[in-house]
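Biologist: I have a structure open and I would like to learn how to read it. Where do we begin?

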Amino acid sequence: ESFSDFLSATETVKSISESDQQLLEELDQQHKELQALKDKLEKDKQELEDAKQDLEDQKAELVTAKADY
């Protein structure tokens with residue numbers, strides 16, 4: 001009985017360990033995906049800020065041109 005209990009406990013520990021490893025791999029993959037999304041959002045934000053600045057510059061030029069007439 002003692003040996004069978006030991007084998008059962010060993011199998012339980014092995015099962016838990018495998019499950020934990022799978023969870024860690026899934027978490028790592030999700031972390032990588034979230035980082036990629038964050039990087040893309042930061043790039044998109046920078047592009048929008050650049051476009052906004054371009055529009056503000058164009059508006060300033062138009063106001064100046066209008067004032068010259």
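Modeller: Start with one definition. A residue is buried when its relative accessible area is under 20%, exposed when that value is over 50%, and partly exposed in between. Keep in mind that this is a predicted model.

Biologist: What share of the 69 residues in the chain is buried?

Modeller: Buried residues make up 0% of the chain. The chain exposes about 6,700 Å². Carbon and sulfur atoms supply 57% of that area.

Biologist: How many helices and strands does the chain have?

Modeller: It has 1 helix and 0 strands. The radius of gyration is 30 Å, well over the 11 Å that the globule rule gives for 69 residues, so the chain is more spread out than a compact globule. Helix 1 covers residues 2-68.

Biologist: What box do the C-alpha atoms fill along the principal axes?

Modeller: A box of roughly 100 × 10 × 5 Å. Pairs of residues let you check distances along the chain. Take His31 and Asp5, which are 26 residues apart along the chain. Their C-alpha atoms are separated by 38 Å. Now take Lys40 and Asp5, 35 residues apart along the chain. Here the C-alpha separation is 52 Å.

Biologist: Is His31 buried or exposed?

Modeller: His31 lies in helix 1. Its relative accessibility is 51%, and the cut-off for exposed is over 50%, so His31 counts as exposed.

Biologist: Let us turn to salt bridges. What should I look for?

Modeller: Look for a side-chain nitrogen of Lys or Arg within 4 Å of a carboxyl oxygen of Asp or Glu. A search of the whole structure finds 3 salt bridges.

Biologist: Which residue meets Asp28 in a salt bridge?

Modeller: Lys32 does, at 3.3 Å from N to O. Both residues lie in helix 1. They are 4 residues apart, about one turn of the helix. Asp28 has a relative accessible area of 38%, so it is partly exposed.

Biologist: What about Lys40 and Asp44?

Modeller: Their side chains also form a salt bridge, at 2.8 Å from N to O. Again the two residues lie in helix 1, 4 residues apart, about one turn of the helix. Check the accessibility of each partner. Lys40 is partly exposed at 49%. Asp44 is partly exposed too, with 25%.

Biologist: Which residue forms a salt bridge with Glu47?

Modeller: Lys43 does. The closest N and O atoms are 4.0 Å apart. Why are Glu47 and Lys43 separated by about one helical turn? Because they are 4 residues apart in helix 1. Glu47 is partly exposed, with a relative accessible area of 42%. Lys43 counts as exposed at 54%.

Biologist: And the charges of the chain as a whole? How many are positive and how many negative?

Modeller: There are 9 positive and 20 negative charges. The mean positions of the two sets are 10 Å apart.

Biologist: Which residues gather in a patch of negative charge on the surface?

Modeller: Glu49, Asp50, Asp54, Glu56, Asp57 and Glu61. A residue in a patch needs over 30% relative accessible area and no salt bridge. Try that on Glu49, which lies in helix 1. Glu49 has 39% relative accessibility and counts as partly exposed.

Biologist: Now the nonpolar side. Which residues form a nonpolar patch on the surface?

Modeller: Phe3, Phe6 and Leu7 do. Together they have about 350 Å² of accessible area. Leu7 is in helix 1. At 42% relative accessibility, Leu7 counts as partly exposed.

Biologist: Let me recap. The chain has 1 helix and 0 strands, and buried residues make up 0% of it.

Modeller: Good. Add the 3 salt bridges, the patch of negative charge that includes Glu49, and the nonpolar patch that includes Leu7.

Notes
Residues are numbered from 1 along each chain as its sequence is written. This is a predicted model: local features need pLDDT of at least 70, side-chain atom pairs count only at pLDDT 80 or more; totals for chains, interfaces and linings use all residues. Side-chain values use heavy atoms; hydrogens and water are left out. Patches are made of residues with over 30% relative accessible area and no salt bridge: like charges are joined within 9 Å, nonpolar side chains (Val, Leu, Ile, Met, Phe, Trp, Tyr) within 5 Å. Accessible areas come from the Shrake-Rupley method with a 1.4 Å probe; for residues, only the protein chains shown count as cover. Buried means under 20% relative accessible area, exposed over 50%, partly exposed in between (1.4 Å probe, protein chains only). The radius of gyration is taken over C-alpha atoms; the globule rule is 2.2 Å times the number of residues to the power 0.38. Lys and Arg count as positive and Asp and Glu as negative; His and the chain ends are not counted. The place of a charge is taken as NZ of Lys, CZ of Arg, CG of Asp or CD of Glu.
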